[in-house]
2 protein chains.
Amino acid sequence: MDWSMRNEEFKTQLFRFVDVFPYLTTGESLNRHIEEYFASQDQDIPSVLKWGAKGARLGGGLTSKMLAKTLRFNIENMAKQFIIGENTKDALKTLSKLRENNFAFSVDILGEATVSEEEADQYQRSYLDLLDALEKGRKDWKSLGNEGSDLDWGHAPKLNISVKPSALYSQATPADLEGSVQAICQRLKPILSKAKQRNTFMCIDMEQFKYKDITLEVYRRLRTASGYRDYPNLGIAFQAYLLQTDQDLDELLKWARQKALSISIRLVKGAYWDYETFIAKQNGWEVPVYTSKAETDAAFERQARKILQNHDICHLACASHNIRSLFAVLEMARALKVPEGCYEFQVLSGMAEPIRKGLLKVAKRVRLYCPYGQLLPGMAYLVRRLLENTANNSFLRQSFAEGVEIERLLEDPIEVLKREGENTKTALPDEAPISCDNGHKPFRNEPAVDFTRHEKRAAFSKAIAEVRKMLGRTYPLWIGGKEVKTEDLLSSVNPANPSEVIGHIWQAGRNEIDLAIAAAKDVFPAWQSTAAENRARYLFRAADIARRRIFKLAAWQVLEVGKQWDQAYADVAEAIDFLEYYGRQMLCLDVPKRMGNAPGELSHYFYQPKGLAAVISPWNFPLAISCGMCSAAMVTGNCVLYKPSGLSPVVGYMLTEIFREAGIPKGVFNYTPGRGKMIGDYLVDHPDISIIAFTGSMEIGLRIVERASKAQPGQPNLKKVIAEMGGKNAVIIDDDADLDQAVPHVLYSAFGYQGQKCSACSRAIVLESIHEKFVRRLVEAAKSIKIGAPEDPANYMGPVVDKAAQQRILKYIEIGKKEGTLLLSREVPEEGFYAPLTIFADIKPHHRLAQEEIFGPVLAIMKAATFDQAIEMANSTRFALTGGVFSRSPRHLEQARETFRVGNLYLNRGITGALVGRQPFGGFKLSGIGSKAGGPDYLLQFMDQRSVCENTMRRGFAPISQEDDWI
Amino acid sequence: MDWSMRNEEFKTQLFRFVDVFPYLTTGESLNRHIEEYFASQDQDIPSVLKWGAKGARLGGGLTSKMLAKTLRFNIENMAKQFIIGENTKDALKTLSKLRENNFAFSVDILGEATVSEEEADQYQRSYLDLLDALEKGRKDWKSLGNEGSDLDWGHAPKLNISVKPSALYSQATPADLEGSVQAICQRLKPILSKAKQRNTFMCIDMEQFKYKDITLEVYRRLRTASGYRDYPNLGIAFQAYLLQTDQDLDELLKWARQKALSISIRLVKGAYWDYETFIAKQNGWEVPVYTSKAETDAAFERQARKILQNHDICHLACASHNIRSLFAVLEMARALKVPEGCYEFQVLSGMAEPIRKGLLKVAKRVRLYCPYGQLLPGMAYLVRRLLENTANNSFLRQSFAEGVEIERLLEDPIEVLKREGENTKTALPDEAPISCDNGHKPFRNEPAVDFTRHEKRAAFSKAIAEVRKMLGRTYPLWIGGKEVKTEDLLSSVNPANPSEVIGHIWQAGRNEIDLAIAAAKDVFPAWQSTAAENRARYLFRAADIARRRIFKLAAWQVLEVGKQWDQAYADVAEAIDFLEYYGRQMLCLDVPKRMGNAPGELSHYFYQPKGLAAVISPWNFPLAISCGMCSAAMVTGNCVLYKPSGLSPVVGYMLTEIFREAGIPKGVFNYTPGRGKMIGDYLVDHPDISIIAFTGSMEIGLRIVERASKAQPGQPNLKKVIAEMGGKNAVIIDDDADLDQAVPHVLYSAFGYQGQKCSACSRAIVLESIHEKFVRRLVEAAKSIKIGAPEDPANYMGPVVDKAAQQRILKYIEIGKKEGTLLLSREVPEEGFYAPLTIFADIKPHHRLAQEEIFGPVLAIMKAATFDQAIEMANSTRFALTGGVFSRSPRHLEQARETFRVGNLYLNRGITGALVGRQPFGGFKLSGIGSKAGGPDYLLQFMDQRSVCENTMRRGFAPISQEDDWI
């Protein structure tokens, strides 16, 4: 531990090793991981590890076996320091010892992440059992501090438990606040009931920020539930590091006063600081926690004071290891003359023993937070504790390991803040501007929707209601800046409710294509000569319009193609990203590159558009993909004929409206929806089309590639085809995979948007030794999700896009039944185009279910004997689009990076939801031809390259520039 | 002038304007150029010009007419300062005046560049006429300094002329030293004869470095020619700034002593400093001149001393305007006690009047160098003089305009050098290394061959002789690291002498293709996993091998495909460039790009190979294009089947030898020559081929594109086709084009390598007002070139590649006769596949000669009324490969940059000879599909893109890197 504080890289390896350690159940596996984690480390590591790692590399033997034993012993010992026992017997023994030393306790059951309702039930049961077990201890335990009472210190129940609400409901999500609250309350009530029965204090722990509002609401509901209003021994934890805590605290105190209830708050600093910051940064959200430790410390003291000032209705459990914080609160309480029964102190079992002993002497009422449970599920907890102990600015590290001056350690955090001055800003820093940015802000992804915020949830509901009022309208074509109607009308319906018509769309025939081509040809010379910066501005303007309408644009998708809230929102955000990213990229590409530096010669390399582009789009990302292809074509100077899918023409029209309002010149963008059979080949074969940007099925893609390559008479250019096609994407579950991660991510990758993403997971390739466990948890998780209309955010899965899709999927399910073992086929609503969520096991590489793209909620599970075999299986299809690996073996991750050959590979995360500029998207083999969308090479495809070389020497004289290779 | 010294940009504009000025014969043209050159200048320019430029922009009128008049008057006056007269009468008047003022003279006739033999004849005639004219003046002129003698100063002929040797032969080239010397001597002899007859001194001027050895040899031949040994009044100029001058001087003095001849040397500093430096830098040669002024000054004094020390056999004309140099020489002469008759001083007429007057007083014998002739041809001379006056380190500028201290001005240049210390290095500076260079030197183009160096000429002759000894061998295929023979043998012959067989090549059939594909598939996994740096090393090794064999590899091309020396060498140099450039580029592309900077997420973007590549190559750049396509495919990790053209299979085998010797693993490179009809489609259709890199005709290219796009059963990838096809390239001659440049460059672009380059000029689009003059000079130039076997470097043009090409070209000539006016059809040798050099005028855009690629020495001249129309004509074909513009109108150059839409546009230079990394090569429309060869985007085509995104957060903990967007 000491060593890891001095070496960040080693610390990472050590923590990761500790994290995976419980999964290393064989000697081979343990040795391999030791070598992988530590053998490549530089010289500067503890010799015992180096020596051990070398031993492991040499193939094991006595040395490495001994090392393995030592390591196991040490890690388990370390765990035991923090975890009071693996079983009830051990735990009760520890608790007895604590109480003998005059410490109270609160017991918390460690658990794996709850990925299914079965696991939530189990967690609930384990608490009910715990309450029974504690009851057995009670009679042996004398009460603390006040011999005359059955209560500790005269007021506190001897028994005290802490519960994690998210573990009690596998489907908790901020988008469905109400549903989450109800489900958690439902599972908490029996526990609370028993606690009340046994006069046991129950504290609801505060976990990740995303569950905060759910947890607060759960507390309010339970505290006021009939039969519990009179039971005051229900507490909730508050995290001082959250920016919102002051406000939450005020509101809860106000609420308690209004309701005339006494409450109890455990005030902690907060244990998910890194996590919250990562997630916020990754999603483009404001960081919800203070970014400086002093701010948190100051907030802690401020909030403790607020609670102490309200001691008449609120009990305070002051939980910290920071001596300054603890004693500041103690002094505060004394100064405010708060009765002793109104506050206590809490520290974590196993942490900072000297502090808790000193504290006990001064403050008397000290409770230890005691995690209990098996090592394996407890590892997450252990790593969090290790982190806390080794964080650079941790009080413990500073005081015990580094010996920082006592004055500094005990300094008022407000003074520290003043000293730190400007460094405490919480705003996102701007990235360094790029050289060709022309004053535009650097590209940032549009933030994901943050459904922890009430106004976002409300806005979505409102948008759906508003859009619903607009259903059933008729939409024209948009050609050369004019609205055009035809004889042929096509209707689009809500797949969750096919009787609900979304809109009617006039369909283009060959005449309208000719009209659009003429309009595009007409404006092309002017458009290609328009400064790239001005073309980019149209995109930025379109992005602004889409941003203003983001909820409505998402709502249209919910109704027209059956997308869930967050994913519909993400589709619009991706459309905005394409506009902002391609616009900026064009600014860069527009700067001619000087080639060579010979004096007297000025040679430049630059790009120009190709001409007319046909954009043929799919329905599954109806705005984003359409917008990406169209905006790429336009910003590079081409003119566009846009044919949306017949299943999402209304969303396509919304894109048209955006470009119209952005003021894109007439004829540059033409909206020409039409029936593929009528105009598809005509468009592709047309001599005046120079680019075809297509996203869709392999069959149509191959047809387009073949037809487009035939030079037509009078054709000015060889046609460029950019085709994004199918996938048969696999996720590998290695034998050391963290199943807490793997199960929910595979579930979402396979069944998110009903599996109708080209990136969706349709094969899970699982290592034999973990197969049973993974499959069990996955199937239970799949059973737990809700299926129904996507307009209800509680539903995880909805209908597929149309009847044909439904039929195709059902056909594949029949095939699957013959090829493999049916593990799960969820029942689905009768009305609407639902296809059952289906999981097959025992699928072999040659099966159709392992080879053919189904594009629906059907997952094939395959078993692999080794990681090598898993990679081979993963690569054994005609496709190469996305893939994933869950593993904690550095070598396997490296191997996957190298040999799992797909366009987008994801390690230890889900395989859908590629972000523009972060995970440029697209595959190869028969998954597509062309450069990755949202990546640095995409726009190049829409342009030809030119080189202009000027001899600047006249009569032996030439101007010399700074870049010249001159004397 | 004063103003231009303070503003570099304005100086450039002013010099360029002075340069184009004589061509501005209409008021409209003059006004337009004034505006273009000066209106866009910033505020800080002389108000008269700004005012005038604005007037010009406002459409002309009284003000602008006045300005035009003023400008014309001023520029003509400036010219008159340096040029003694436009006709003989004026000139004689000026000379009389000079002599009255006690100055002697040497008359030099200003001329346009000599681009044809007719012009060389005319230049010769003008000297003969000049001698007659001077004779008329002689009787009126008293001799200087020594009244008693008919000679000036008692020893010097009154009449004195200076002659530029390059103007007397239009085909002078260092590669053909002997031919050039003979031709120049032949035209000089009548002049020398008449000079001797009239007792006139004749000095042979020294011009550009490339003519230096020719000029020295001409002097030696004439000085020793029978009938002239006894005539000592023949001098030669030496340039002190040349690094070789000390040696040349020693050799000439030694030679004179051996031959017992007296000689005369005019020592100058040298007037082509910028030009020599530009040319050397552009070609990758050592700069032949001193790079610091002080070095030149020191060399001048050193060489003057050497001559004075040899005054018994050598007369010195000390020519300078630098007071330090002049007086140092004067003092030196006195110190060495050199008789007065052995040295004189020379200055340029019109320069530094105060110096020449002062000099006359002290040194007595001062001769003025007097240019004479028309303003227009004299402009080159005028600009050189302006340059000299305004160079930063010019003595004149420093002394007169800037008033530098007298001590500094007169300082010994050796002292200056000591002060300047290290700054005097003449070596090429290394470019800044690129970040991904991995320690390899930065890319530099392989230097062009420098035929001024005797050893290079000798090496080429020797290589041809050696290659000739190896003709007629039989060559096997090279498949999977084995030599393979078949039943089918094809022979390749020398197009200049079809009875000479170059070699016999076994031809691959389908079996051999299958064999090669199996070998390539076998090794592909290992090759794609080979570190990119190691793959690059094979290329660098191949480059080293090619560099060692460069003359032999070039010689093979001379014999197998009829290439001229310099161009055959350039083809090998280009092959080397591809190896070095692509190798380095791969090092860069191999570095995965981090995408985004979200903490807890590590997202990388990188490339992987596609698989097997078929490389189908042409014969016209038999090594370079083959090597470029093969090396690009291999360095990116693909395996190659290489099918060379049936017309250059032996050169193709030489490439195979290079890759073999470089150690490229078996099966990675396979040499599979074969008959197109037998294996072409088979290769293209083959499901295992993933890339087809083709360079050749449009017809075959389109066929490949179409066939390759049809997905075959079992095909792993969609095929990528990179096709470089034809061109119908135009050069526009604007009405203000510098014809001294335009004529030789169009000639070379059209008839270099017999017009058999995809980049060759096949249309010249000439503005009406300059049409007659351009066409006259071009046709005369075309009449002047030599046609014959390319192994003789005197021949400018050789045979076309085979009988079929010859027949096709002859057919087009017949078509041309019907469509346009035949201006020239040169007779060609009977034996060999010669096609006549042919020029047609009056070709219209709809003619076949304006639309179809002929690929031979046939040039179509088209007339355009306006520059707009010229651009329109240039763009009016199906092709878009190369193009060129000769213009001195800034606006037209800008317009061409924007709207002359071809892959490679060249301004004011020839349109062939694109260099790797400097002018990335390739076109669009029906000229090709794919990225430019030798450019930054080329290798991308051979690879697929991958993205790997790792979630690095485990249990809420992730390592933070410096690039992360962290707090």
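Salt bridges are a good way into this predicted model: counted over all chains, there are 139 of them.

Take one inside chain A to begin with. The side chains of Arg660(A) and Glu483(A) come together in a salt bridge, with 2.9 Å from N to O. This pair ties together distant parts of the chain, since Arg660(A) belongs to helix H24 (residues 649–661) of chain A and Glu483(A) to strand S11 (residues 482–484) of chain A, 177 residues apart. As for their surroundings, Arg660(A) is partly exposed at a relative accessible area of 32%, and Glu483(A) is partly exposed too, at 46%.

Another pair in chain A is Asp685(A) with Arg707(A), whose closest N and O atoms are 2.6 Å apart. Here helix H25 (residues 676–685) of chain A supplies Asp685(A), while helix H26 (residues 698–708) of chain A supplies Arg707(A); the two residues are 22 residues apart and again link distant parts of the chain. Is Asp685(A) buried or exposed? With a relative accessible area of 17%, Asp685(A) counts as buried, because the cut-off for that label is under 20%. Its partner Arg707(A) has a relative accessible area of 30% and is partly exposed.

The next pair crosses between chains. Glu950(A) makes a salt bridge with Arg897(B), and their closest N and O atoms are 2.8 Å apart. Glu950(A) sits in strand S31 (residues 943–951) of chain A and Arg897(B) in helix H32 (residues 890–899) of chain B, so this pair joins two chains. Both Glu950(A) and Arg897(B) are buried.

Here are those three pairs side by side.

| Salt bridge | N to O distance |
|---|---|
| Arg660(A) and Glu483(A) | 2.9 Å |
| Asp685(A) and Arg707(A) | 2.6 Å |
| Glu950(A) and Arg897(B) | 2.8 Å |

Salt bridges can also link up into a network. One such network takes in Asp19(A), Glu112(A), Glu119(A), Asp738(A), Asp740(A), Lys773(A), Arg777(A), Arg888(A) and Arg955(B).

Now for the barrel in chain A. How many strands does the closed barrel have? It has 8, running S1-S2-S3-S4-S5-S6-S7-S8 with parallel pairing. From one strand to the next, the twist averages 30°.

You can zoom in on one stretch of that barrel. Strand S5 (residues 263–268) of chain A pairs with strand S6 (residues 314–319) of chain A in the parallel sense, over 5 bridges. If you want a spot to look at, find Arg266(A): its bridge partner in S6(A) is Ala317(A).

Helices lie across these strands. Helix H11 (residues 293–309) of chain A lies across S5, S6 and strand S7 (343–348) of chain A, and it runs at about 155° to S6(A). Further along, helix H13 (residues 353–363) of chain A lies across S7 and strand S8 (366–372) of chain A, running at about 170° to S7(A).

Over in chain B, there is a set of strands to trace around S13(B). Strand S9 (residues 473–475) of chain B pairs in the parallel sense with strand S13 (residues 497–506) of chain B, over 3 bridges. Within that pairing, Thr474(B) stands opposite His504(B). Strand S12 (residues 489–494) of chain B pairs with S13(B) as well, but in the antiparallel sense and over 6 bridges. Here Asn494(B) stands opposite Asn497(B), and a hairpin through 2 residues joins S12(B) to S13(B).

Chain B also has a couple of backbone oddities. Most residues other than glycine have a negative phi. Ala260(B), though, has a positive phi near 55°, and it is found in the loop between helix H9 (245–259) and strand S5 (263–268) of chain B. Gln754(B) has a positive phi as well, near 60°; its place is the loop between helix H27 (739–751) and strand S22 (761–767) of chain B. Which of the opposite labels, buried or exposed, fits Gln754(B)? Gln754(B) is buried, with a relative accessible area of 0%, whereas Ala260(B) is exposed at 65%.

Last stop, the surface of chain B. Ile323(B), Ile406(B) and Leu410(B) make up a nonpolar surface patch of about 230 Å². Of these, Ile323(B) lies in helix H12 (residues 323–335) of chain B and is partly exposed, with a relative accessible area of 30%.

How values were computed. Residues numbered from 1 in each chain as written. Chains lettered and ligands numbered in written order. Predicted model: local features only at pLDDT ≥ 70, side-chain atom pairs only at ≥ 80, totals over all residues. Heavy atoms only, no water. Pairing = 2+ DSSP bridges. Helix = DSSP H or I, 4+ residues; strand = E, 2+ residues; numbered from the N terminus. Axes fitted to C-alpha atoms, helices over the stretch in contact; angles between N-to-C directions. Contact = heavy atoms within 4.5 Å. Patch = residues over 30% accessible without salt bridge, like charges linked within 9 Å, V, L, I, M, F, W, Y side chains within 5 Å. Areas by Shrake-Rupley, 256 points an atom, 1.4 Å probe, with all protein chains shown as cover. Salt bridge = Lys/Arg side-chain N within 4 Å of Asp/Glu carboxyl O. Buried < 20%, exposed > 50% of the residue type's maximum accessible area, 1.4 Å probe, protein only.
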